Amino acid sequence: MILATAVLTKVAQWPSTAHKTMPQSSDICLIHLLLVALLIVTAAIYLALRPRNVYLVDYSCFRPSSNFRYPKATSVEHARLSPLIDDSTANFIASIHERSGMGDQTYFPPVVMHMEPYCGLDEARTEAELVVFSVIDDLLAKTCINLDAVGVLITNCSLFCPVPSIADMIVNRYKLRGDLRVMNLSGMACSASVTAVGLASNILRFMPWGSYALVVSTEIVGPCYYVGNKRSMQLTNLLFRMGGVAKLLSTSRSKARFRLGHFTRTITAASNTAYRCVYQEEDEKGNLGIALSKDLMVVAGDALTANITSTAPLVLPASELFKYGFLCMAKKVLHWRKIRPYIPNFCVAFDHFCIHVGGPAVITSVQHGLGLSDKHVEPSRMTLHRFGNQSTSSVWYELAYIEAKGRMKKGNRVWMIGFGAGYECNTIGWMCIQPSSGAVHGPWASCIRHYPVDVSNKV
């Protein structure tokens with residue numbers, strides 16, 4: 001009885017005790033404010049530390065004048081008449097042209113269209129100014145950007161490195177601001193454009209939001225024209241042609257056309273074979289040129305394989321990664337030596353492919369290696385046919401081809417694959433967020449209606 005009375009007494013006293021221990025309304029408001037402040041600080045830290053998206057506002061490719069057209073027949077005729085070229089080399093040039101996959105509308109600087117070509121410093125600088133200023137003027141007209149908004153300038157040209165640099169030449173011409181971050185890349189050959197985009201994106205992510213980067217890529221072919229008879233060094237004369245591209249990147253989505261996805265860079269220069277497969281040297285007579293090794297295709301295949309290994313986890317869906325990982329593990333654990341390596345289906349990750357136009361063999365090798373259809377490599381083959389190998393800028397002419405054909409849709413993903421000296425294989429991915437207008441612009445404007453053409457009997 002006494003215990004029951006005590007329990008009832010405690011129960012009767014509970015409301016008053018609970019009222020004393022419950023927090024007051026002012027305490028509740030303070031807790032809410034602290035929680036809101038904590039959420040704001042957390043969100044601010046996340047936004048500050050997360051990688052910013054980088055966008056391609058637009059790009060512009062060089063469109064040479066018809067005065068620079070260099071048909072294959074002219075090249076062969078010059079070789080047969082030149083006092084510098086012997087008959088066997090002339091026959092070799094004619095044979096390579098037949099299998100080059102190139103048409104008769106490619107372009108060469110006029111200074112090397114003579115029986116005894118010569119390209120000095122002034123001639124090379126004139127070619128550089130023509131290409132570089134043309135693409136920048138075109139890009140500025142398309143984007144209507146204020147030049148004071150450009151905070152980064154990156155240029156790449158492998159073989160022509162004047163003093164002052166090409167980047168300084170641009171700053172002087174367009175009177176860019178004094179605190180500009182300027183970089184001038186050289187010696188990287190055909191993969192440098194992709195490398196420059198990756199470098200620009202890394203810089204933009206640490207600059208104020210909305211900053212712009214101007215990236216200009218070209219190869220000035222006049223200074224690297226070879227006048228000797230060494231066949232491995234004549235190949236560059238037969239494949240390389242004029243070209244250039246200017247790109248405007250930003251961390252602002254406003255007016256942007258593509259969003260940058262992954263950037264993967266693979267360098268194999270630690271191998272002596274890879275390091276020397278694209279090598280600038282002099283022949284036995286002192287003629288300077290670029291020698292292409294017979295190991296080039298093997299080295300390129302190894303570099304691409306290494307790049308794919310790094311890129312696959314970034315872009316492939318889980319199903320493809322599971323297949324790839326399972327078969328690799330099974331082959332290693334169970335020693336299934338006879339089973340062929342599984343090639344991931346990159347067509348589930350990308351809608352379009354821009355493969356460096358190093359030549360018909362390079363395009364075919366990548367096509368077979370990745371299991372691509374003829375439609376996927378059409379932009380590469382048609383760019384080679386129409387413009388030749390423009391080195392670092394070729395992948396952008398391929399992108400222009402896809403757009404000129406009206407195949408680029410919102411949400412489509414593009415994979416650019418660049419190969420270059422070193423030896424390097426660099427790749428970047430883009431997602432289209434704003435397709436081009438219906439009108440055809442750019443380097444394909446005057447000829448896209450004639451493409452694609454059949455090049456099967458010419459390769």
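Trainee: Before we look at Tyr174, what does buried mean here?
Mentor: Buried means under 20% relative accessible area, and since this is a predicted model, every such value is computed from predicted coordinates. Tyr174 has 12% relative accessibility, so Tyr174 counts as buried.

Trainee: OK, and which ring does Tyr174 form an aromatic pair with?
Mentor: There are 15 aromatic pairs in the count. In one of them, Phe133 and Tyr174 meet edge-to-face, with 5.9 Å centre to centre and 80 degrees between the planes. This pair links distant parts of the chain, because Phe133 belongs to helix H5 (residues 121–143) and Tyr174 to helix H6 (residues 166–174), 41 residues apart.

Trainee: And Phe133, is that one buried or exposed?
Mentor: Phe133 is at 9% relative accessibility, and therefore counts as buried.

Trainee: What lies over the face of Phe133?
Mentor: Arg173 does, at 4.3 Å from the ring centre of Phe133, and Arg173 also lies over the face of Tyr174, at 5.8 Å from that ring centre.

Trainee: Switching topic, which residues are buried in helix H12?
Mentor: Helix H12 covers residues 360–370, and its buried residues are Pro360, Val362, Ile363, Val366, Gln367 and Leu370. What covers them includes helix H10 (296–315), strand E9 (352–355), helix H13 (374–387) and strand E10 (413–420).

Trainee: What comes just after H12?
Mentor: Just after H12 there is Gly371, which takes a positive phi of about 65 degrees.

Trainee: Last one: which residues form an aromatic cluster?
Mentor: Phe387, Tyr397, Tyr401, Trp444 and Tyr451 form one aromatic cluster.

Conventions: Residues numbered from 1 in each chain as written. Predicted model: local features only at pLDDT ≥ 70, side-chain atom pairs only at ≥ 80, totals over all residues. Heavy atoms only, no water. Buried < 20%, exposed > 50% of the residue type's maximum accessible area, 1.4 Å probe, protein only. Helix = DSSP H or I, 4+ residues; strand = E, 2+ residues; numbered from the N terminus. Contact = heavy atoms within 4.5 Å. Phe/Tyr/Trp six-rings, centres within 6.5 Å; stacked < 30°, edge-to-face > 60°. Lys NZ or Arg CZ within 6 Å of the ring centre and 35° of its normal.
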